[in-house]
Amino acid sequence: MAENSNQNTNVVVERLRGWSPNAVSEVIEFRGETTIVVPRNVLRDVAERCRGDKELRFNLLSDATCVDRYPLEPRFEVNYQLVSIPRRERLCLQVRLSSSDPVVDSLVPVWPGANWLEREIFDLFGIRFNGHPDLRRILMPDDWEGYPLRKDFPVEGYRDIPSIATRYTRNRT
Amino acid sequence: MTVQSETSTVETATGKAKTMVLNMGPQHPSTHGVLRILLELDGENVVKAIPDMGYLHTGIEKSCEDKTYSQAITLTDRIDYLNPLGNNLAYCLAVEKLLGIEVPKRAQYIRVLMVELQRVSSHLVWLGTHAIDLGAMSVFLYCFREREEILKIFEFVTGQRMMTSYIRIGGLALEPPTGYLERVEKFVKMMPGRIDEYEELLTGNRIWIGRTKGVGYISAEDAIALSMTGPTLRAAGVAYDNRKVFPYSSYEEFDFDVPTRTDSDCFGRYMVRVAEMRESLKIIRQAIKKIPPEGPVRTDAPGIVPPEREKMKTEMEALIYHFKIFTEGFSPPPGEAFAAVESPRGELGVFVASDGSPKPLRVHFRAPSFINLQALPKLIEGKLIADVIACIGTIDIVLGEVDR
């Protein structure tokens with residue numbers, strides 16, 4: 001099983017390298033999963049290839065998420081979990097972003113399903129997606145300050161926020 | 001969030017007319033929780049729909065980062081509260097992948113048995129509530145009668161009706177009690193007749209067909225593009241089921257079909273889910289035969305899986321391991337793992353990242369309800385307001401999972 005997936009992986013990496021030598025900056029093999037680290041500037045092109053290439057056909061974007069490696073740099077890793085339904089294969093695309101410039105191209109033009117996934121990452125990590133049609137907060141209130149899933153945001157939140165009870169009485173008077 | 005309603009106009013037979021914005025939810029019984037939808041209406045027709053959620057956001061992913069790997073299991077129960085065992089399974093599979101440990105066959109089969117029972121119970125809640133939304137009151141009572149039987153089995157086996165936390169890293173929490181298979185067998189014997197009863201009430205019912213047939217159509221291409229999974233995608237004709245495509249927990253040893261339809265409307269989704277209940281019963285029947293009467297339910301991984309009670313009384317190492325697991329936890333090697341299971345609602349994926357410390361660096365849940373809900377505007381825009389309720393119902397959302 002592991003050998004098989006290795007073979008398939010090589011196909012993906014070879015296809016991408018054959019298309020552009022800069023498309024893949026690192027390949028991580030861990031517990032039978034393949035993660036391809038992609039430079040930020042070519043992410044959308046690589047994604048377009050992964051979906052459109054007849055040999056790859058990763059037609060379903062299963063998941064997108066972010067990891068905050070604070071205080072290391074580059075601080076953020078955005079992971080896209082791709083599935084090829086016809087080829088029965090999974091792949092992870094990864095982009096690394098620094099804390100000073102957490103901006104990456106949106107994948108909504110490639111997979112429309114990325115819309116809410118990227119909104120969630122924007123909401124909780126503060127990463128901006130270029131070309132996203134509707135980049136608003138999705139889980140937190142619109143007027144929320146800060147990005148709760150960042151490592152420098154305390155688990156218990158900030159204590160000086162007035163409680164709901166005081167806000168309620170203040171509005172009444 | 002606001003909508004600029006005063007600027008929106010629509011073309012009507014008698015000229016331009018203003019649209020109305022209706023706020024559906026968050027306190028609305030047919031949104032199955034606290035979903036809010038801003039509906040821009042032209043009379044009874046939906047022009048635009050904007051789902052708004054987060055009312056139940058409890059920061060479970062953030063809380064997981066502050067707990068040890070074993071402690072976080074209790075939080076996974078509360079994400080999709082109709083599928084706690086499935087959530088436990090997905091999380092444990094991800095952590096087991098990260099650790100690189102295997103689970104004994106007996107535990108794997110019991111996991112399959114429990115998760116399939118959970119799938120039946122989740123579909124029963126779905127069927128009951130969806131039917132009551134569309135005006136079929138009696139189905140709800142029958143569905144909950146059978147669900148109660150499943151919850152009684154859960155209570156017997158795990159000690160809890162809903163928040164079971166029964167599936168643990170490396171196996172199961174406890175050895176199941178004597179006689180549990182007989183109770184499951186009794187249930188499996190009774191259930192097919194009961195599903196026939198629901199079908200008798202609904203499948204040929206003219207009102208039911210009128211409310212569901214041709215309502216909420218989505219093409220297979222659109223469904224894949226919008227990352228939909230689960231019964232909603234299978235009703236569009238795509239046989240994508242994680243249990244078949246990427247088997248886990250020994251599903252490859254079970255013989256079952258993946259029901260699909262091509263009509264891709266609310267009726268098709270209803271038929272797929274009913275067929276799935278029957279397939280789950282098929283799997284449960286096979287699991288009853290497969291589960292060996294004796295054998296370990298936890299893998300032998302000192303320092304990760306708690307030792308048996310008996311050993312702790314006689315062996316010094318067991319006592320030390322027990323103490324270490326429950327005080328500091330265990331540290332998987334640095335890396336990232338993604339494990340996906342087929343929950344009743346679709347592909348439930350868990351992403352776990354480790355930095356080599358006893359607490360996860362990041363836990364992310366690929367919540368099928370959240371992602372399937374994204375297709376709601378596509379299903380309802382241009383349709384009648386009554387169809388909105390049917391469509392929300394057939395996507396089968398659980399708000400605990402949408403907001404996490």
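Select A:Pro74 first. This residue lies in the loop between E3 and E4 of chain A. The model is predicted, so treat each stop as a feature of a prediction. Show the backbone from A:Glu73 to A:Pro74: that peptide bond is cis, with omega near -5 degrees.

Stay in the loop and pick A:Pro71, which also sits between E3 and E4 of chain A. A cis peptide bond joins A:Tyr70 to A:Pro71, and here omega is about 5 degrees. For context, most peptide bonds are trans.

Next, select A:Arg57. Look for it in the loop between helix H2 (43-52) and E3 of chain A. Its phi is near 50 degrees, a positive value in a residue other than glycine. Is A:Arg57 buried, partly exposed or exposed? A:Arg57 counts as partly exposed, because it has 16 C-beta neighbours inside 10 Å, and that count falls between the limits of 12 or fewer for exposed and 20 or more for buried.

Now colour strands E1 (residues 26-30) and E2 (residues 33-37) of chain A. They run antiparallel and are joined by five bridges. Across this pair, A:Val27 stands opposite A:Ile36 in E2(A). Zoom in on the turn of the hairpin. Two residues lie between the strands, and A:Arg31 takes a positive phi near 50 degrees.

Keep A:Ile36 selected and add strand E5 (residues 89-97) of chain A. In which sense do E2(A) and E5(A) pair? The pairing is parallel, over three bridges. Here A:Ile36 stands opposite A:Leu93 in E5(A). A:Ile36 thus gives you a link between the two pairings: A:Val27 in one, A:Leu93 in the other.

Bring chain B into view. Select the residues of each chain that touch the other: 27 residues of chain A are in contact with 33 residues of chain B. On the side of chain A, strand E3 (60-68), strand E4 (76-84) and helix H3 (114-125) each supply at least two residues. Which of these elements gives the most? E3(A) does, with six residues. Colour that side of chain A by class and you will find 15 nonpolar, seven polar and five charged residues. For the complex, the predictor gives an ipTM of 0.86 and a pTM of 0.90.

Move into chain B and select helix H3 (residues 84-99) with helix H4 (residues 105-133). Their axes come within 8 Å and cross at roughly 140 degrees. H3(B) is therefore oblique to H4(B). Show side chains at the contact. From H3(B) come B:Leu85, B:Gly86 and B:Leu89, which meet B:Arg111, B:Met114, B:Val115 and B:Gln118 in H4(B). By class, this contact has four nonpolar, two polar and one charged residues.

Go on to B:Asp396, in the loop between helix H16 (385-395) and helix H17 (399-403) of chain B. B:Asp396 has a positive phi of about 60 degrees although it is not a glycine. Is B:Asp396 buried or exposed? B:Asp396 counts as buried, because 27 C-beta neighbours lie inside 10 Å.

Finish by colouring chain B by pLDDT. Its mean is 89, and 97% of its residues reach 70 or more. Confidence in chain B is highest in strand E10 (residues 362-366), at a mean of 93, and lowest in strand E1 (residues 9-12), at 69. Where pLDDT is low, the predicted coordinates should not be read in detail.

Conventions
Residues are numbered from 1 along each chain as its sequence is written. Chains are lettered from A and ligands numbered from 1 in the order in which they are written. This is a predicted model: local features need pLDDT of at least 70, side-chain atom pairs count only at pLDDT 80 or more; totals for chains, interfaces and linings use all residues. Two strands pair if DSSP finds at least two bridges between them. Helices (H or I, at least four residues) and strands (E, at least two) are DSSP runs, numbered from the N terminus. pLDDT is the predictor's confidence in each residue, from 0 to 100. Axes are lines fitted to C-alpha atoms, for helices over the stretch in contact, and angles run from 0 to 180 degrees between N-to-C directions. Angles under 35 degrees count as roughly parallel, over 145 as roughly antiparallel, 65 to 115 as roughly perpendicular and the rest as oblique. Two residues are in contact if their C-beta atoms, placed from the backbone, lie within 7 Å. Ala, Val, Leu, Ile, Met, Phe, Trp, Tyr, Cys and Pro count as nonpolar, Asp, Glu, Lys and Arg as charged, and the others, Gly among them, as polar.
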